[in-house]
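I open this notebook to record what I looked up in the structure shown below. The entries follow the order in which I consulted the strands, the core and the surface.

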Amino acid sequence: MDDTQVGNSLPDEKHHEGGFRPVAELIQARKNRGTDNTVGGPHYGELIDQVRALMDRARLVNPSDELAKEAIATLEQLNARLDEAVVDEWSSPSWTRTDLPARGNITLPPYTVVSGDRDGVIAKVTFRTFHLGGNNAAHGGHIALAFDDIIGMTAALSTRSVTRTASLTLDYRSITPLNRELTVRAWTERVEGRKVYLRATLHDGERLCAEAKGLFIVLNPGQP
């Protein structure tokens, strides 16, 4: 499968992932090209790190007029430059770079998977300054986002299928700190037909910060 075939790959009745492109096939095709040609290139991870650093600063910056105008001009030039490399979602490296935190996706709190199989997922997550909710604690919405992605991964590993979130319920048990490595554990409780029921916890050491329960639905062929 060459680059053109990877970019144009579509699901069918024989090999489908709901209405998604056949993601596993795309990832494998990229691996077959060799590690030196990883999509996004060898500097993509550093680029994402710098974008995250910018997001952290933007969360708390109180610039002078001069600094604001200088930053605006710099960002306008950078955005114009980056426009030259914008691709569609299936060609973007920001969801398949499993060598990077959160697969290189800057919309997610950065996490790394410690282990993952049909028994569940253990991941290490760090909520950064950008994820501030107030009083040096992570925003509950960002916590939900981390749970949703990691639980979704757990559902996929459990069922060997692509799923979508039908319901996600969180209980916040204590403050979730920023800029500290925390542990997420997620597992499947049961599967009933296309319904997958899951649980997850978020810990700071021995302290429970939050827990979640979710219902995910296995997609039918062609289902968006």
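How many bridges join strand β5 to β8, and in which sense do the two run? I worked from a predicted model. I found nine bridges between β5 (residues 163-172) and β8, and the two strands run antiparallel.

**Entry on β8.** I looked up one bridge of this pairing and noted that Thr 169 has Lys 213 in β8 as its partner. I then turned to β7, which is joined to β8 by ten bridges, again in the antiparallel sense. Within β8, Ala 210 stands opposite Leu 202. I also examined the link between these strands: β7 and β8 form a hairpin with two residues between them. Gly 205, in the turn, has a positive phi of about 65°. Is β8 mostly covered or mostly open? I recorded it as mostly covered, since nine of its twelve residues are buried, that is, under 20% relative accessible area.

**Entry on the core.** I next asked which residues of the largest nonpolar core touch the most other members. This core has 30 residues, and the ones I listed are Phe 127, Ile 143, Phe 147, Ile 151 and Leu 202. I noted that β2, α5 (140-159), β6 (181-192), β7 (195-204) and β8 (207-218) each supply at least two residues of the core. The largest share, seven residues, comes from α5. In general terms, nonpolar side chains tend to be buried together in soluble globular proteins.

I followed Phe 147 further, leaving aside its neighbours within four places in sequence. Its contacts include Leu 202 and Ala 210, the two residues I had recorded as standing opposite each other. Val 184, Leu 170 and Gly 152 are also among the contacts of Phe 147.

**Entry on β1 and β2.** I looked up the pairing of β1 (residues 111-117) with β2 (residues 120-126) and found six bridges in the antiparallel sense. The two strands form a hairpin, with two residues between them. Ser 115 lies in β1, and its bridge partner in β2 is Ile 122. Not counting residues up to four places away in sequence, Ser 115 touches Gly 120, Val 121 and Ile 122. Why does Ser 115 count as partly exposed? Its relative accessibility is 32%, which lies between the limits of 20% for buried and 50% for exposed, so I entered it as partly exposed. I also noted that the C-alpha atoms of Ser 115 and Arg 185 are separated by 9.7 Å, with their positions 70 residues apart along the chain.

**Entry on Lys 124.** I located Lys 124 in strand β2. It is partly exposed because its relative accessible area is 27%. Beyond its neighbours within four places in sequence, Lys 124 is in contact with Pro 110, Tyr 111, Thr 112, Val 114, Glu 181, Leu 182 and Thr 183. For Lys 124 and Arg 180, 56 residues apart along the chain, I recorded a C-alpha separation of 9.7 Å.

**Entry on the surface.** Which residues form a nonpolar patch on the surface? I listed Leu 54, Leu 75, Leu 78 and Leu 82, with about 320 Å² of accessible area together. Helix α4 (residues 65-83) gives the largest share of the patch, three residues. I checked Leu 78, which has its place in α4; it counts as partly exposed because its relative accessibility is 42%.

Technical notes:
Residues numbered from 1 in each chain as written. Predicted model: local features only at pLDDT ≥ 70, side-chain atom pairs only at ≥ 80, totals over all residues. Heavy atoms only, no water. Pairing = 2+ DSSP bridges. Helix = DSSP H or I, 4+ residues; strand = E, 2+ residues; numbered from the N terminus. Patch = residues over 30% accessible without salt bridge, like charges linked within 9 Å, V, L, I, M, F, W, Y side chains within 5 Å. Areas by Shrake-Rupley, 256 points an atom, 1.4 Å probe, with all protein chains shown as cover. Salt bridge = Lys/Arg side-chain N within 4 Å of Asp/Glu carboxyl O. Buried < 20%, exposed > 50% of the residue type's maximum accessible area, 1.4 Å probe, protein only. Core = buried A, V, L, I, M, F, W, Y, C linked by side-chain atoms within 4.5 Å. Contact = heavy atoms within 4.5 Å.
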